[in-house]
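Visitor: Hi, I'd like to talk through the empty spaces in this protein. Can you take a look with me?

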Amino acid sequence: MIQAIETILADIPTVRAHKLSVATMQSQTLVLVRIRCRDGIEGWGEATTIGGLNYGDESPESIKVNIDTHIAPLLLGMTADNVAACMARVRKVIQGNRFAKCAIETALMDAQGKRLGVPVSDLLGGRLRDALPVAWTLASGDTRKDIAEAEAMLEQRRHRIFKLKIGARSVEDDVRHVLAIKKALGDAVSIRVDVNMAWSELEAQQGIAALQAGGIDLIEQPVRSEQSAALARLSRRFTVPMMADEALKGPLSALSLVGEAAASVFAIKIAQSGGLVPARLAADIAQLAGVSLYGGTMLEGAVGTAASAHLFSTFDDLSFGTELFGPLLLTQEILAEPLVYRDFMLQVPTGPGLGIQVDMDRLDALRRR
Ligand SMILES: [Mg+2]
């Protein structure tokens, strides 16, 4: 039986400023959910978002209020070992709030996995891989700094896929920045760009033509999320793959995007999808339609990253890898044993539930009072 649901905010500085077209992050607010059950088992979930309300319509504070005030009372006293029944109740009564729902579903799955002695990946159908390729995002905004950072990552064998955040400057400046980095790092690495919706269709035509000619591997969400028709036209016009990210908000949007042939790659994110199960459904729709998969992040800390890793490990096609580097962007660790990154891959935890243990002393020191 579900006995207590606690929502914790923790503010953690990032290792460097992280510049997106919509916001510059100097710190990240982790939103963690802890569900305690009467059998003594507890589960953890995460609903971290990016840049306050710059990225989406849920903020850390709104997520906490909505879970504490509206979602937790629905679940207290319910049987904890039927995750689907719990989530059906939440989804019936609560509109939207995809991040909050994701944290709740993750915590319930973590608890259920621990109860059954199996990893969350087993609850999601079983893993097809034990390690996931992890991209790093170069987002200092400075070309020389970005090149030095990428070289250090290659040297440490941590990342060889690099995603550049662009869209805040002119198209010409952005193209010059990206192609200088591509030229400096050579063909042994994959360079992709994420425009975070900053371009008009005409700017996108101009920018993508130059990026495609320069050997860039992937163009992420060049235009506004509502403009799926423009994304579809860009997909037809260019051979470099277009990836839908902000446009994907769960299975229904996945269905309409494949119907419009808007993109050839989907960035699957558990929080944007509203949970692990809806994210798997969105991924299934993509796979059925021949759309490739990429494992996305909301720059979550270790809990959301581990949960995402469990899901992505079940994907048949993960040809564009993942960007599960969130914990590496943070200056503080909240786990007793950190997640393992080695040889350009994140190792998917193997223990029961999420296979991680939150260090309460560390978290208590970071939590917002
Ligand atoms: Mg993105």
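Guide: Sure. This is a predicted model. The largest pocket is lined by Arg91, Ile94, Gln95, Gly96, Arg98, Lys101, Lys249, Gly250, Pro251, Leu252, Ser273 and Pro278.

Visitor: Which elements give two or more residues to that lining?

Guide: Those are α3 (98-116) and α9 (251-259).

Visitor: And what volume does the largest pocket have?

Guide: About 200 Å³.

Visitor: How do the lining residues of the largest pocket divide by class?

Guide: Evenly: 4 nonpolar, 4 polar and 4 charged.

Visitor: OK, switching to closed spaces. How many cavities of 30 Å³ or more does the structure hold?

Guide: There are 2 of them. The largest cavity has about 100 Å³ of space in it.

Visitor: Which residues are closest to the centre of the largest cavity?

Guide: Ile50, Lys163, Lys165, Thr297 and Glu323, out of 16 residues that line the largest cavity.

Visitor: I see lysines and a glutamate there. What does the whole lining of the largest cavity look like by class?

Guide: For the largest cavity, the count is 7 charged, 5 nonpolar and 4 polar residues.

Visitor: And the second largest cavity, what's its volume?

Guide: The second largest cavity comes to about 50 Å³.

Visitor: What lines the second largest cavity?

Guide: You'll find Ile12, Leu30, Gly301, Ala302, Pro327, Leu330, Gln332, Glu333 and Ile334 around the second largest cavity. By class, that lining has 6 nonpolar residues, 2 polar and 1 charged.

Visitor: Which one is the charged residue in that lining?

Guide: That's Glu333.

Definitions and conventions. Residues are numbered from 1 along each chain as its sequence is written. This is a predicted model: local features need pLDDT of at least 70, side-chain atom pairs count only at pLDDT 80 or more; totals for chains, interfaces and linings use all residues. Side-chain values use heavy atoms; hydrogens and water are left out. On a 1 Å grid over the protein atoms alone, a cavity is a set of points where a 1.4 Å probe fits but cannot get out, and a pocket is an open set with protein on both sides within 12 Å along at least five of seven lines; lining residues have an atom within 4 Å of a point. Grid points are joined across faces, edges and corners, and a volume is the space filled by probe spheres set on the points. Helices (H or I, at least four residues) and strands (E, at least two) are DSSP runs, numbered from the N terminus.
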